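Work through these three short exercises with the structure in view. Try each task before you read its solution.

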Amino acid sequence: MSQELLTDEIKQQLGGVGPVEIVVGIPSYNNVRTIGRVVQAAQVGLLKYFPERRALIVNSDGGSKDGTRQAVEEANVDSQQVLLVRHALYPVHRLTTPYHGIPGKGSAFRTIFRIAEEVQATACAVVDSDLRSITPEWIDLLLRPVLDLEFDYVAPYYKRHKYDGTITNSIIYPLTSALYGRRIRQPIGGEFGMAARVARHYLGRDVWNTEVAGYGIDIWMTTTAIAEGFKVCQSYLGAKIHDAKDPGADLSTMLVQVVGSVFRLMEDYMAVWPRVAASEAVPLFGFPFEVGLEPVPVNVARMRDSFRQGCRDLTSVYQAFVPQGRLAELTACAALADDVFVLPDELWANLVYDFALAYHRRTLDRGHLVKSLTPLYLGWVASFAGQTAYETGAQVEDRIELLRQVYEQLKPRLIQEWGLEAGEKRSES
Amino acid sequence: MRQFWEWSIQGPLRELAQEALRTLPGLIATVILVALGFIVGWVAKQVVYRLLRVMRFDRLCDRLGISAVIEGLGLARSSSYLAGQVVEGLFVITALLAGLNALPSNISRNLVERFFTYMPHLLAALGVLVLGTLISRFLGRSVLIASVNAHIPSARLLGGLTRFFVLSLTVVAALDELGISRTTIIVAFAILFGGVVTAAAIAFGLGARDLANDVLKTQFHPPPKQETDDSLRHV
C-alpha cells in the first residue's frame, strides 16, 4: 500500500540521491512567509551538527497556492556565512513533493516516512513549516538523542506563551500523562525526532484514513511511541514562535481531530492505560534557557459568552452523558459574574472524562460529541486566562501541573466506568 | 296446520341450526387462533426482549438515537421491550387475520385480502417515519452544535426548525405512501411551506429592514477583512 505513495518521478529523484542517514521532513500548506527560513535552519543544522552524515530535507506539500514550493527550492544557505567548524562531507539534498491521500498534516508525514524508508534513513526529524523561532540547533536536539543515545522518539519541549497551545494545556498534556504515565509536556508540539524503526512502525499502521491524517497525527505518534514501549525523551528547543493562525483552521474541526484521536487511542490502548497508576518524568535534553515570548492577545469575553451559550443551548446534548449534578455545576459556572468566572479543575477534568466515556460508548455521533466540547473548552480557556492574567510563566506551569494531578486523581473513576454500559451507572462524582 | 308448522317454523329453525353448525367450527377456530396468537405472541415477546437485552440491542439503539425517540414519545420502557411488543403485535395481528379468514364469510375474507394488499404500503410508511425521525434528529443536532460553535444567538431555533422541516417532509412522504388524500396533503404542505417562507421574508424585510440592508450590502460589497483581536493558538 505504501508503495503507491511515491510517484515514479520522486522515486527517480531519490535514486539520484542514493542512501541517506538522516531525513528532515517539513509538511507545508501555504507557508510561503516562513518555510524558507525553516528549510535554511534545517540545512544549516545538518551541515553544522551532522557534517559526516548524508542527509535529505523533504518538503511534503498539501497543494500550496502561494508559492511555498518555490520558496523551498529557492532557500539556499551561503556556506561562507554559516562558519562551519568542520567541512561537510556531503551536500544536503532537498526534495519537494506533493503528498497523496486525505489533505492534512498526517498525510504529509506519511509521505515523509515513506521517503525515509525508501532512502534507508536511520533517523528522521519533522518540523513545522510555520515556525519563526527555529534555529539550526533544533535539528541537533531532535536527532542527537536518537543517533547517539539510542532513544527511539524525541518530543519537543519549548517555552510557550501561557495562552499558546491551550488544547495541549487543558486536555492533551494532563490527559496523556494521566493515562500513559509519561509526562511529555508537548505531546502535539509539531517537531519530533525518531529512529527509522519507529517511522517504519508508523507507516505500517492502518490509520491514515482517520483523524490521524489531519491534526491527529502528533498525538497519535506520541501516544503510540509511549504505549508501545519505545524509548522516549524530550529536548528543550527554547521558544516556540510561529505564525499566529493555521490557514483554514477551525476550532471544532481541530478538536475533533486532536481530542477525537486521544479518545480513539484510549480504545486502541485500553489494555495499557488502566494499568498505569501514576505518571513519571521523561528525560529532558538541552539547556533550558529563558526566552522572551511574543504576547498573545485573547478575547476572554467572547470565549465566556461561547461557554454560556453552550451551557444554555446544548443542555439537551450534554444530558445524554453528563450526570445531572455536573450539569448543575456547569450551569452555576455559567451564571457567575465576569470578574469571578472560574471553571474549577475538578469539574473540567470530570467533564473531559465524561466526553471520553461517551465517545467510548458511542452515546452520540462521535463528531457531534467532540464538536459539542468546543464551548466548554472555550470556557476553560476563559477561566484560565482570567486566573493567570498576572501570573508568570513558572506560575502558569505550576497551575498546569496541578491540573495534571487532578486528572490523575480522577482516573480511577474513568477506569471504573469504562467497562460499563450506557445508562447502567452514572456517577455523580 | 302441520304443514304450515313444518314449513314456516321448523324449516327456518332447521336452516338456522344448519347455518350455525356450518359457522360454528369456523367461529371456534377463530377463537382458538386468536387465543393462540395472544399466547404465542406473549411468549415471543418475552423471548425477543430477553434475547435482545443479552445482545445489547439497547446500547445499539442508544448510539443510533432510537432510544431517545422511544423515550420521548413514551412508547416503551426500552428499545428491546418495544421490539418484543412489535413481535407480539405481529403474532396477534396474524392470528386475528387467520381467525377472520377461518370464518365462512366473504366479507371477512375480503378484509383479509385488502389488509395484505395494503401491508407493504403500511410497512413502507413506517420505515419512512422511522428513518425520517432519525435523520431529523441528526440534522437538528448538527445545526444546533454548528450554530452554537459559530456563536449564532438563535441556535436552538435553527436546530428546532431543521428538525421540524425534516419531520414535516417525512410525515408528508409517509401519508403519501399510505395514499391518504394525496393531493390534499401535498397542496396543504406546499401552502404551509410557501406561507412560512413568505412570512419569514416579509418579517425580515419589514421588521429587520436595516439588517436586511446590511446583509445585502455585505453580500455584494463585502468590507475589507479585519484581523481578529484573538490570535490564540490552540494546539
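**Exercise 1.** This is a predicted model. Decide whether helix H1 (residues 8–17) of chain A lies largely in the open or not.

*Solution.* Start with the length: H1(A) has ten residues. Next, count the buried ones, taking a residue as buried if 20 or more other C-beta atoms lie within 10 Å of its own. The number is one, so H1(A) lies largely in the open. Then look just past the end of H1(A): Gly18(A) has a positive phi of about 80 degrees.

**Exercise 2.** Place strand E4 (residues 123–126) of chain A among its partners, and sort its side chains by direction.

*Solution.* Take strand E1 (residues 22–28) of chain A: E1(A) and E4(A) are parallel and share four bridges. Here Gly25(A) is bridged to Val126(A). Now take strand E7 (residues 192–195) of chain A: E7(A) runs antiparallel to E4(A), again with four bridges. Here Cys124(A) is bridged to Met194(A). Last, sort the side chains. In a regular strand they alternate between the two faces of the sheet. In E4(A), Ala123(A) and Ala125(A) point one way, while Cys124(A) and Val126(A) point the other way. All four are buried.

**Exercise 3.** Describe how helix H4 (residues 79–102) of chain B packs on helix H5 (residues 106–149) of chain B.

*Solution.* Two values come first: the angle is about 145 degrees, and the axes are 7 Å apart. The crossing of H4(B) and H5(B) is left-handed. Now list the contact residues. H4(B) supplies Leu97(B), Leu100(B) and Asn101(B). H5(B) supplies Ser108(B), Arg109(B), Leu111(B), Val112(B) and Phe115(B). Finally, sort them by class: five are nonpolar, two polar and one charged.

How values were computed:
Residues numbered from 1 in each chain as written. Chains lettered and ligands numbered in written order. Predicted model: local features only at pLDDT ≥ 70, side-chain atom pairs only at ≥ 80, totals over all residues. Axes fitted to C-alpha atoms, helices over the stretch in contact; angles between N-to-C directions. Left-handed = near helix turned anticlockwise from the far one by under 90°. Contact = placed C-beta atoms within 7 Å. Nonpolar A, V, L, I, M, F, W, Y, C, P; charged D, E, K, R; others polar. Buried ≥ 20, exposed ≤ 12 C-beta atoms within 10 Å, placed from the backbone. Pairing = 2+ DSSP bridges.
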